[in-house]
Amino acid sequence: MHDYVGNRSTDAFSTDASLRAAGTTCAQGDKSAYFWPVLRLTGQNGDENGDENGGEKESRDGNTGRVLTPDSASLTFRGNPAAKVGAMPPGLRVITGDAKAFTNGPGNARARWGCTGVAGRHLTDAYPLCPGGSKVVRQLDFPSCWDGRNTDSGDHRAHIVFPDARTGRCAGGFRPVPQLRMELTYSVPRQPAFAVDSFPEQLRKPVTDHADFANVMPERLMDTAVRCINSGRRCG
């Protein structure tokens, strides 16, 4: 099960045309689709039977517990440290993380779990135990080096990749575009009584966290974002 913001029509059968024709929860006409698997309360401190306030009894994949609504969802487009960014093409599909990282291995894992007020400490393979007054944070950075031709690829990854971790540069044949960073915060019990939804064989492991983005920004808005990023300004 996923949470969604942005385009109001997003589902497994969305097309460029259906997304363009729909409404949006985003400002300035951004019809892009942003989505990620839900987080649920589990165990003795969670409600495994759901409730009338939006809790889900059980997903089709057997995930149980009350669905947690994020306290905040921050979607930020950032620059590249080595070069100016260019516009994303309309219809660009981007994924970060791997929903099957527990069985596939960590090669495409990008999960970063942490706590508000605890800077610089993120976990990939464990859920955080946050101090009192702190919230759980999910941070998901997206790839930002585009091949300049394709809006998607067979594995949904080959057309847009991550820059070099040390230099920030894009590999030959790829060009930098704005990098999306999602930050989601949640109020949860102090003990780790929560888990992300996953396929059954992934055992709801934190390393399987992932997120998706489909660019349906008006071109004028994308151009404004690019100018803002390249001039070093914070725009909203």
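# Strands, cores and ring contacts

Y34 and F213 are both buried. The model described here is predicted. Y34 belongs to strand β2 and F213 to strand β14, so their ring pair ties together parts that are 179 residues apart in sequence. Both residues are also listed among those with the most contacts inside the largest nonpolar core, which has 35 residues.

**Strand β14 and its partners**

- Strand β14 covers residues 210–214, and five of its five residues are buried.
- Side chains in a regular strand alternate between the two faces of the sheet.
- In β14, H210, D212 and A214 point one way, while A211 and F213 point the other way.
- Residues on both sides of β14 are buried.
- Strand β2 (residues 33–37) runs antiparallel to β14 and is joined to it by three bridges.
- Within that pairing, D212 of β14 stands opposite F35.
- Strand β6 (residues 93–97) also runs antiparallel to β14, with five bridges joining the two.
- Here A211 of β14 is the bridge partner of T96.

**Two open sheets of three strands**

- Strands of a sheet pair through backbone hydrogen bonds, in either a parallel or an antiparallel manner.
- One open sheet has the strand order β4-β3-β13, and its pairing is antiparallel.
- Strands β4 (67–68) and β13 (194–196) are at the edges of this sheet with a single partner strand each, so one side of each has no neighbour in the sheet.
- Two bridges hold β3 (residues 39–41) and β4 in their antiparallel pairing, and L39 stands opposite L68 in β4.
- Another open sheet of three strands has the order β10-β9-β11, again with antiparallel pairing.
- Its edge strands, β10 (160–161) and β11 (175–176), each pair on one side only.
- Strand β9 (residues 145–146) is joined to β11 by two bridges and runs antiparallel to it.
- The bridge partner of C145 in β11 is P176.

**Nonpolar cores**

- In the largest nonpolar core, the residues with the most contacts inside it are Y34, F77, W113, M182 and F213.
- At least two residues of this core come from each of β2, β3, β7 (112–115), β8 (136–141), β12 (179–186), β13, β14 and α3 (219–230).
- A second, separate core has five residues, including A33, F35, A214 and V216.
- Which residues does M182 touch, leaving aside its neighbours within four places in sequence? Its contacts include Y34, F35 and W36, S74 and L75, R138, Q139 and L140, F142, and A211 and D212.

**Aromatic rings and charges**

- The whole structure contains five aromatic pairs.
- A pair of aromatic rings is described by the distance of the centres and the angle of the planes.
- For Y34 and F213, the ring centres are 5.1 Å apart and the planes stand at 35°, so this pair counts as tilted.
- Y34 and F213 form one aromatic cluster together with F77.
- The charged end of K100 sits over the ring of F199, at 5.4 Å from the ring's centre.
- R110 lies over the face of F162, and its distance from the ring centre is 3.5 Å.

Note on methods. Residues are numbered from 1 along each chain as its sequence is written. This is a predicted model: local features need pLDDT of at least 70, side-chain atom pairs count only at pLDDT 80 or more; totals for chains, interfaces and linings use all residues. Side-chain values use heavy atoms; hydrogens and water are left out. Two strands pair if DSSP finds at least two bridges between them. Helices (H or I, at least four residues) and strands (E, at least two) are DSSP runs, numbered from the N terminus. Buried means under 20% relative accessible area, exposed over 50%, partly exposed in between (1.4 Å probe, protein chains only). A nonpolar core is a set of buried Ala, Val, Leu, Ile, Met, Phe, Trp, Tyr and Cys residues joined through side-chain atoms within 4.5 Å. Contact means heavy atoms within 4.5 Å. Rings of Phe, Tyr and Trp (its six-membered ring) pair if their centres lie within 6.5 Å; planes under 30 degrees apart count as stacked, over 60 as edge-to-face and the rest as tilted. A charge sits over a ring if NZ of Lys or CZ of Arg is within 6 Å of the ring centre and within 35 degrees of the ring normal.
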